[in-house]
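Q: Could we go through this model together? I would like to start with one of the sheets and work outwards from there.

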Amino acid sequence: MGFFNFFKSQFIEVIEWTDQSSNTMVYRFPVQNNEIKMGASLIVRESQVAIFVNEGEIADVFTPGHHVLYTQNMPILTKLKSWKTGFNSPFKAEVYFINTKQFIDQKWGTSNPIMMRDPDFGMIRLRGYGIYSYRVSEPVVFLKELFGTNASYDTSSIESHLKKMVLSGLTDLFAESQIPALDLAMHYDELSTEGKEKMQERFAKFGFEITSLYIENLSLPKEVEQAMDKRTTMGVLGNMNTYTQYQAAEAIRDAAQNEGGGMAATGAGIGAGAAIGNIMANAFNQNQQQPTPSADQEKMPCPHCQAQIRTTAKFCPECGNSVQQKKVPCISCKVEINEGSKFCGECGTKQVTEKKCNACGAVNGPTAKFCGDCGEGLES
């Protein structure tokens, strides 16, 4: 009975791999001291590829599905072992399962800041971090270039190298983009897409395909961020003289509320008060020293073409018309008033230049009491 169990254990009839981890890239099926039975079942699940290796040389590759092992579907292995057609004896070979699913959430980040030249801040140090995803797209290339003959292989074995590749490419990309530091945030998507395309060729050399790359954050040094905050504050404050006066008023209020402190506080308060007084005086003087426009500099619209002209001009330089109003004497007090005025600004007399007869329609002078044509009385 013991001999029968020993004999049975020498022949493998089912070859498969159930992946229980999330980061295993290669699994070598245990065939040591065992032989694979001709006609055995090979089960390759989705996101897997099975590769048969004979004495260190890659032979047949099997894609997802259920395969029954015969010489007909193992042409390379049959040739390497010089099997005859219809060979039906057990054989030895190494079987590797390659995981072709995406390995997501692989992190990258700058261990040292990236030196860049910025048009606004000059030389700056840029830091950043993000994630990327990749998968094995060429199992044979991957097996030749990286895996070798290890019993297993996971993402941690290649993580450091891939991270350095990504950082090298992104550093070059950021420098070439010449995007100002203040505008980097609005270009995350574009830079991520360009970074992914830039990495494709590098990843392909190891049989990988980079499926996604994302920039989560790009940050500036603390000193640069503080300078940006100050510039923003100055833009919000606007007029610095007004802000200085406001600050001085706030300081006076705080000093007035400080009732304690003894002689030292009193002396400090006097010194602070003197300084505040100087600040307010300087601010007031600056406001008083603002030049006022002279009469020659004052402007008004031309009454004819609406062009801006000097208030002292007699003619418009645009249309040539006179801009000075003609003066006429008041019909009552004879004070000069603007022509066309309805009332005198001095005596209030209504300025009537003619009287029309309601009976015959004849026009009479402004002082006539009766119509010169029909003798009808005229309204005053």
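A: Certainly. The model is predicted, and one place to begin is an open sheet of 5 strands, ordered E5-E4-E7-E2-E11, with antiparallel pairing.

Q: Which strands stand at the edges of that sheet?

A: They are strand E5 (57-62) and strand E11 (152-154). Each has a single partner strand, so one side of each is left without a neighbour in the sheet.

Q: And the twist, what does it average from one strand to the next?

A: The average is 20 degrees from one strand to the next.

Q: How many bridges pair E4 with E5?

A: Strand E4 (residues 48-54) pairs with E5 over 4 bridges, in the antiparallel sense. For Asn-54, the bridge partner in E5 is Glu-57.

Q: What packs on this sheet?

A: Helix H3 (residues 139-147) does, touching strand E2 (24-29), E4, E5, strand E7 (94-99) and E11. The direction of H3 makes about 60 degrees with that of E4. H4 packs on the sheet as well, touching E2 and E11, and the direction of H4 makes about 40 degrees with that of E11.

Q: Back to the loop between E4 and E5 for a moment. Which residue there has a positive phi?

A: Glu-55 lies in that loop, and its phi is near 50 degrees, a positive value in a residue other than glycine.

Q: Is Glu-55 buried or exposed?

A: Glu-55 counts as exposed because its relative accessibility is 79%, and the cut-off for exposed is over 50%.

Q: Now H4. What is its span from first C-alpha to last?

A: H4 has 22 residues and reaches 31 Å between those two atoms, close to the 32 Å expected at 1.5 Å a residue. Just after H4, Gln-178 takes a positive phi of about 55 degrees.

Q: Which residues of H4 are buried?

A: The buried residues in H4 are Ile-158, Leu-162, Met-165, Val-166, Leu-167, Gly-169, Leu-170, Leu-173 and Phe-174. On helices in general, an α-helix has 3.6 residues a turn, so residues three or four places apart point the same way.

Q: What about the largest nonpolar core: how many residues does it have?

A: It has 43 residues, and those with the most contacts inside it are Met-25, Tyr-132, Tyr-134, Phe-142, Phe-174, Phe-203 and Phe-208. Helix H4 (residues 156-177) supplies the largest share of this core, 8 residues.

Q: Pick Phe-208. What is it in contact with, leaving aside its neighbours within four places in sequence?

A: Phe-208 is in contact with Met-25, Tyr-134, Arg-135, Val-136, Ser-137, Phe-142, Leu-146, Ile-158, Leu-162 and Phe-203. There is also a second, separate core of 22 residues, which includes Phe-29, Ile-36, Ala-59 and Met-74.

Q: Ile-36 also has a bridge partner. Which residue is it?

A: It is Ile-12, whose partner Ile-36 lies in E3. Strand E3 (residues 35-44) is joined to E1 by 4 bridges, and the two run parallel. E1 and E3 belong to an open sheet of 3 strands in the order E1-E3-E6, with mixed pairing. Its edge strands are strand E1 (11-15) and strand E6 (65-68), each pairing on one side only.

Q: Changing topic: is Asp-118 buried or exposed?

A: Asp-118, in strand E9, is buried because its relative accessible area is 5%, with the cut-off for buried set at under 20%.

Q: Then what lies 2.6 Å from a polar atom of that side chain?

A: The backbone nitrogen of Ala-181 lies at that distance from a polar atom of the Asp-118 side chain. Leaving aside neighbours within four places in sequence, Asp-118 is in contact with Ile-124, Ile-179, Pro-180 and Ala-181.

Q: And where is Ser-111 found?

A: Ser-111 is in the loop between strand E8 (103-109) and strand E9 (114-118). At 57% relative accessibility, Ser-111 counts as exposed. Ser-111 and Tyr-129 are 18 residues apart in sequence and 9.5 Å apart in space, C-alpha to C-alpha.

Q: Last one, on the chain as a whole: how many helices and strands are there?

A: The chain has 8 helices and 18 strands. Of its 380 residues, 29% count as buried.

Technical notes
Residues numbered from 1 in each chain as written. Predicted model: local features only at pLDDT ≥ 70, side-chain atom pairs only at ≥ 80, totals over all residues. Heavy atoms only, no water. Core = buried A, V, L, I, M, F, W, Y, C linked by side-chain atoms within 4.5 Å. Buried < 20%, exposed > 50% of the residue type's maximum accessible area, 1.4 Å probe, protein only. Contact = heavy atoms within 4.5 Å. Pairing = 2+ DSSP bridges. Expected span 1.5 Å × (residues − 1). Polar contact = N/O pair within 3.5 Å; in protein donor to acceptor, adjacent residues only side chain to side chain. Axes fitted to C-alpha atoms, helices over the stretch in contact; angles between N-to-C directions.
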